[in-house]
Protein chains: 2
Amino acid sequence: MTNPIPSDKALVPFVSVDHMMKLVHHIGIEPMLIGLADYIEADFKRWELFDKTPRVASHSDVGVIELMPTSDGEAYGFKYVNGHPKNTKEGLQTVTAFGLLADVDTGYPVLLTEMTILTALRTAATSAMVAKHLAPKGADTMAMIGNGAQSEFQSLAMKALCGLKTVQLWDSDPKATEKAARNLQGLGLNVVPCASAEDSMEGAQIITTCTADKQCATILTDNMVGEGVHINAIGGDCPGKTELAPAILHRSDIFVEYPEQTRIEGEIQQLDDDHPVTEFWQVLTGKAKGRTDDRQITLFDSVGFAIEDFSALRYVRDHIHDAGCFIELDLLADPDDPRDLFGMVQRAGA
Amino acid sequence: MTNPIPSDKALVPFVSVDHMMKLVHHIGIEPMLIGLADYIEADFKRWELFDKTPRVASHSDVGVIELMPTSDGEAYGFKYVNGHPKNTKEGLQTVTAFGLLADVDTGYPVLLTEMTILTALRTAATSAMVAKHLAPKGADTMAMIGNGAQSEFQSLAMKALCGLKTVQLWDSDPKATEKAARNLQGLGLNVVPCASAEDSMEGAQIITTCTADKQCATILTDNMVGEGVHINAIGGDCPGKTELAPAILHRSDIFVEYPEQTRIEGEIQQLDDDHPVTEFWQVLTGKAKGRTDDRQITLFDSVGFAIEDFSALRYVRDHIHDAGCFIELDLLADPDDPRDLFGMVQRAGA
């Protein structure tokens, strides 16, 4: 049996989990978070030209599998992502993801990559990019409430992009806090494990909530939140899952990615459908105002959006070649004569 | 830098183009077409339990990129497929495809595979499975109109499943007919290149149309089609693309995959929205009648449906292990502690 060498056009660069970790260390995690934030900010600034298809979800009793496509007219990207809360008990990830970037002009894929790690990075980069614009001036202390898989990425992104100096950790499970504190040692942050959510918020100008509670929980109550802070609410990200008391929402100016999605999945599912919110891209383009005074509470109600994944895919496409962090996959059939697919198959068996 | 060995759960079997060709030759193309048809027929028989999401299309001036998901509640599958008619001029495939199968219970992918070749096989297997039920008894001669990439697969599937003995080839481009005739030599069919569409239909009980015309063409006119034949119309597969004169449709009993999709993409886009058609799965389950008399014209207006891809993905999943036609891709991050994604990334750089 012959082994015909596929043409260049048939080969798609593939970034494995191992390659993604190598890429992170090749670039450095903080420079990579800054680079991702640059790509995300650039795409937020051209928000209007994107094809914003709603995510396509397939629900079952135990979880959901989603496809999140988008396109800027030149490139097309999509992410496959599952959400299975019960997986953790079985030693599996709640969320795994991979993604693909393709050339709109030919329809040919140009990148296939793991996105479990990449999603963690882009989520943190998005949070920090938004906080850079909305947090009060001189903010250098963050309460990190919920010390799961996202917490260290959030902390480092806030350090790299916003000049964070101190992170105050709290989780209902002390082992999670121990893990986060251990991971953050020696990375240039003052890391303070706290005994209560209230303690973690002492003196913090940025409050990040990222817990795994599956229901409408009240991680933050109204009296815990003082004026002038920026709240980065990450954990309310699906229908029936929220973290903030409604009274906090009523005291805040609320910024969102894509209102149609956030009203279903975010903290604002607790509010009326016509409650005013600002699309964050409009702050970047000058169409809307961000923070306007020191006493204002700004709230980024983040649920994650396909354009952030698209930016991350672009970033990876542009950086893997220098680092050599990929292999070529023989994914696309590419017969010499496009009409002679059968002949190609037949000759492979000769 | 360490190279941690990923756990089994992080690895996803990947079937490249080369592996798919090896699988075809390992099993044999006719046994594989028969096997695929069995899987497709089995899934048509349980049609009602599938999650039938419409395909998600991203259109541009030059083509379309589509995601076609479906699920039977145990497995979830989707196909990525592009359609770029102008690609051929650039030496690229008009259509390329790949697909994924995942476990609904965990959301973890279990198979990633090329689907350009696999789609050609499943399309032919579907046509032949339907013809086995609808073509007149003793049908052994087919007119194959349009001799492009699908024509040889169609011919062999009709041989393997329906006992076809003679295929009469015609294409507006004689070089396409030459190519198909050459590829089909020595495979057990009597192959007859023809000088006109009319010639190719002489004595044929099965008429397959699969041309690349982009507009509403009339490959078959009404007076060309005699009574009692089975028409297998493959080429009308997107809005504004049809092959049959409307008068033929009015003389035929029409069978379709999924009416909601076929009324937009198939030959029946030329008919009123309420023109009666039969969902083919109902013929298999006894809910509807197939061919009822010798003079009837049966028409399978095929546009391709996600369930056929799902069946093909199941078939590949079940057969690659014997053949060893795959590699394992490190696609999913799988830290020992699901909450310690950061630690996994960090340790990879140690």
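**Figure 1. Helix α11 of chain A is largely enclosed by the rest of the structure.** In this predicted model, helix α11 of chain A spans residues 341-348, and 6 of its 8 residues are buried, so the helix is largely enclosed by its surroundings. The buried residues are Leu341(A), Phe342(A), Gly343(A), Met344(A), Val345(A) and Ala348(A). These buried residues pack against helices of chain B, namely α1 (17-27), α2 (29-45), α3 (116-134), α4 (151-162) and α5 (174-184). Arg347(A) is partly exposed, with a relative accessible area of 48%. The side chain of Arg347(A) meets that of Asp340(A) in a salt bridge, with a distance of 3.5 Å from N to O. Asp340(A) is buried, and its relative accessible area is 7%.

**Figure 2. Helix α4 of chain A crosses helix α11 of chain B.** Helix α4(A) comprises residues 151-162 and helix α11(B) comprises residues 341-348. Their axes come within 7 Å and cross at roughly 70°. The two helices are therefore roughly perpendicular to each other. From α4(A), the contact involves Glu152(A), Phe153(A) and Leu156(A); from α11(B), it involves Leu341(B), Phe342(B) and Val345(B). Classified by type, the residues of this contact are 5 nonpolar, no polar and 1 charged.

**Figure 3. Chain A and chain B share an interface.** In this view, 81 residues of chain A are in contact with 81 residues of chain B. The size of an interface is often given as the accessible area lost when the parts come together. For chain A and chain B, the buried area is about 7,200 Å², and carbon and sulfur atoms give 67% of it. On the side of chain A, the residues that lose the most area to chain B are Gln93(A), Arg339(A) and Phe342(A), which together account for 10% of what that side buries. The interface also holds 4 salt bridges. One salt bridge joins Arg339(A) to Asp173(B), with the closest N and O atoms 2.9 Å apart.

**Figure 4. Helices α1 and α10 of chain A cross.** Helix α1(A) covers residues 17-27 and helix α10(A) covers residues 306-323. Their axes come within 10 Å and cross at roughly 80°. This angle makes α1(A) roughly perpendicular to α10(A). The residues of α1(A) that take part are Met20(A), Leu23(A), His26(A) and Ile27(A). They meet Tyr315(A), Val316(A), His319(A), Ile320(A), Asp322(A) and Ala323(A) of α10(A). By class, this contact has 7 nonpolar, 2 polar and 1 charged residues.

**Figure 5. Salt bridges link separate parts of chain A.** Side chains of opposite charge can pair when their charged atoms come close. Over all chains, 38 salt bridges are counted. In one of them, the side chains of Asp72(A) and Arg46(A) meet, at 3.0 Å from N to O. Asp72(A) lies in the loop between β3 (64-71) and β4 (75-83), and Arg46(A) lies in the loop between α2 (29-45) and β2 (56-59), so this pair ties together parts of chain A that are 26 residues apart in sequence. Asp72(A) is buried, with a relative accessible area of 13%, whereas Arg46(A) is partly exposed, at 27%. A second pair is formed by Glu48(A) and Lys287(A), whose side chains meet in a salt bridge of 3.4 Å, N to O. Glu48(A) lies in the loop between α2 and β2, and Lys287(A) in the loop between α9 (280-285) and β16 (297-301), so this pair ties together parts that are 239 residues apart in sequence. Both Glu48(A) and Lys287(A) are exposed.

**Figure 6. Leu111 of chain B is a buried residue in a strand.** Leu111(B) belongs to strand β6 of chain B, which runs over residues 109-114. Leu111(B) has a relative accessibility of 0% and so counts as buried. The C-alpha atoms of Leu111(B) and Leu100(B) are separated by 5.5 Å, although these residues are 11 residues apart along the chain. Leaving aside residues up to four places away in sequence, Leu111(B) touches Val12(B), Pro13(B), Val15(B), Gly99(B), Leu100(B), Leu101(B), Leu313(B), Val316(B), Arg317(B) and Ile320(B).

Conventions:
Residues numbered from 1 in each chain as written. Chains lettered and ligands numbered in written order. Heavy atoms only, no water. Axes fitted to C-alpha atoms, helices over the stretch in contact; angles between N-to-C directions. Helix = DSSP H or I, 4+ residues; strand = E, 2+ residues; numbered from the N terminus. Parallel < 35°, antiparallel > 145°, perpendicular 65-115°, else oblique. Contact = heavy atoms within 4.5 Å. Nonpolar A, V, L, I, M, F, W, Y, C, P; charged D, E, K, R; others polar. Buried < 20%, exposed > 50% of the residue type's maximum accessible area, 1.4 Å probe, protein only. Buried area = accessible area lost by both parts, 1.4 Å probe.
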